[in-house]
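Please open the structure in the viewer and keep the sequence beside it. The tour below proposes what to select at each stop and states what is found there.

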Amino acid sequence: MQKKAVILANGSFPKHEIPLKELKSSKYIVCCDGAINKLDKAGIEPYAIVGDLDSLDSDLKWKYRDIIHHFANQDTNDLTKAINWCLENNFSEVVIVGATGQRDDHMIGNVFLLPGYARKIKVKMLTSYGVFTPILRAKNFESYTRQQVSIFSPNPETLISTANLRYSLTEQKLEMMYQGTLNESMGESFRIEFEGGPLIIYQEY
């Protein structure tokens, strides 16, 4: 059976209706440590709390003691701990929310962790403005005319080709991280093909 978890990271609590809908409709909300403080205030029940517990209020630690999973390892952040917990508990897909805002360095780190997660589980990250999707192979994306699209290529040697984007690429490298930003969809879908990879695709809502 396919199981999808929603991971709530400890950044800014979601405000846009799309990540909020994912959060409110999920039976399996996995909180990264201190994110439970915000979830509890919003009156939403968690399924599990995962992390090193360094930012969890003591009263909530007692309230949710039966669903807390403590991982003291400091070599990975709480988001990675939550992903690993989902893998160990047979989830096949995760949607990450609350992973941006508050600290810009955490946001950038979380975005560029996505390709590593994608090698293990289906994953995307929803923000208050759009969605980041890591891809390991060619993919068609649902879209709409004039949707803003950006392509991030962690490996500058990756050769990228696109179809139905305003600024097309044909076996082109994005040697600087900004070079694939501020593109635009020309219709109801677009396609990205590449040799090498991975890529991270951003689409505004």
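Select Glu17, Lys21, Lys24 and Ser25 in helix α1: these residues are exposed, on the other side of the helix from its buried residues. The model is a predicted one, and every stop of this tour should be read with that in mind.

Now turn to the covered side of α1, which spans residues 17-25, and select Pro19, Leu20, Glu22 and Leu23, the buried residues of the helix. Viewed down the axis of α1, they fall within an arc of 160°, so they line one face of the helix. What do the buried residues of α1 pack against? Their partners are β1, β2, α2 (36-41), β5 and β6.

Remain in α1 and select Glu22 alone. Is Glu22 buried or exposed? Its relative accessibility is 16%, and the limit for buried is under 20%, so Glu22 counts as buried. Beyond its neighbours within four places in sequence, Glu22 is in contact with Lys4, Val6, Val95 and Leu126.

The next stop is the interior. Select Ile7, Val30, Cys86, Val94, Ile96, Val123 and Phe132, the residues with the most contacts inside the largest nonpolar core, which has 28 residues. At least two residues of this core come from each of β1 (4-8), β2 (29-32), β3 (48-51), α4 (78-88), β5 (93-97), α5 (104-118), β6 (122-126) and β13 (199-204). Helix α4 gives the most to the core, namely five residues. Apart from this core lies another, of 19 residues, including Ile29, Cys31, Leu53 and Val95.

Centre the view on Phe132. Not counting residues up to four places away in sequence, Phe132 touches Val111, Leu114, Lys124, Met125, Thr127, Phe152, Ile200, Ile201 and Tyr202.

Proceed to strand β9, residues 148-152, where four of the five residues are buried. Strand β9 is joined to β13 by four bridges, and the two strands run antiparallel. To see one pair, select Ile151 together with Ile201, its bridge partner in β13. Two bridges join β9 to β11, also in an antiparallel arrangement. Here, select Val149 and its bridge partner in β11, Asn183.

From β11 (183-184), follow the chain into the loop that leads to β12 (189-195), and select Ser185 in that loop. Which residues is Ser185 in contact with, leaving aside its neighbours within four places in sequence? They are Ser143, Tyr144, Thr145, Arg146, Gln147, Val149, Asn164, Leu165 and Phe190. Ser185 has a relative accessible area of 0%, so it is buried. Show the side chain of Ser185 as well: one of its polar atoms lies 3.5 Å from the backbone oxygen of Tyr144.

For the last stop, select β8, β12 and β10, which form an open sheet in the order β8-β12-β10, with antiparallel pairing. Which strands stand at the edges of this sheet? They are β8 (139-142) and β10 (159-163); each has a single partner strand, so one side of each is left without a neighbour in the sheet. On average, neighbouring strands of the sheet are turned by 20° against each other, direction ignored. Five bridges join β10 to β12. To finish, select Thr162 and find Ile192, which stands opposite in β12.

Notes. Residues are numbered from 1 along each chain as its sequence is written. This is a predicted model: local features need pLDDT of at least 70, side-chain atom pairs count only at pLDDT 80 or more; totals for chains, interfaces and linings use all residues. Side-chain values use heavy atoms; hydrogens and water are left out. Buried means under 20% relative accessible area, exposed over 50%, partly exposed in between (1.4 Å probe, protein chains only). A polar contact is a pair of N or O atoms within 3.5 Å; within protein, one must be able to donate a hydrogen and the other to accept it, and residues adjacent in sequence count only if both atoms are side-chain atoms. Contact means heavy atoms within 4.5 Å. A nonpolar core is a set of buried Ala, Val, Leu, Ile, Met, Phe, Trp, Tyr and Cys residues joined through side-chain atoms within 4.5 Å. The arc is that of the directions from the helix axis to the C-beta atoms. Two strands pair if DSSP finds at least two bridges between them. Axes are lines fitted to C-alpha atoms, for helices over the stretch in contact, and angles run from 0 to 180 degrees between N-to-C directions.
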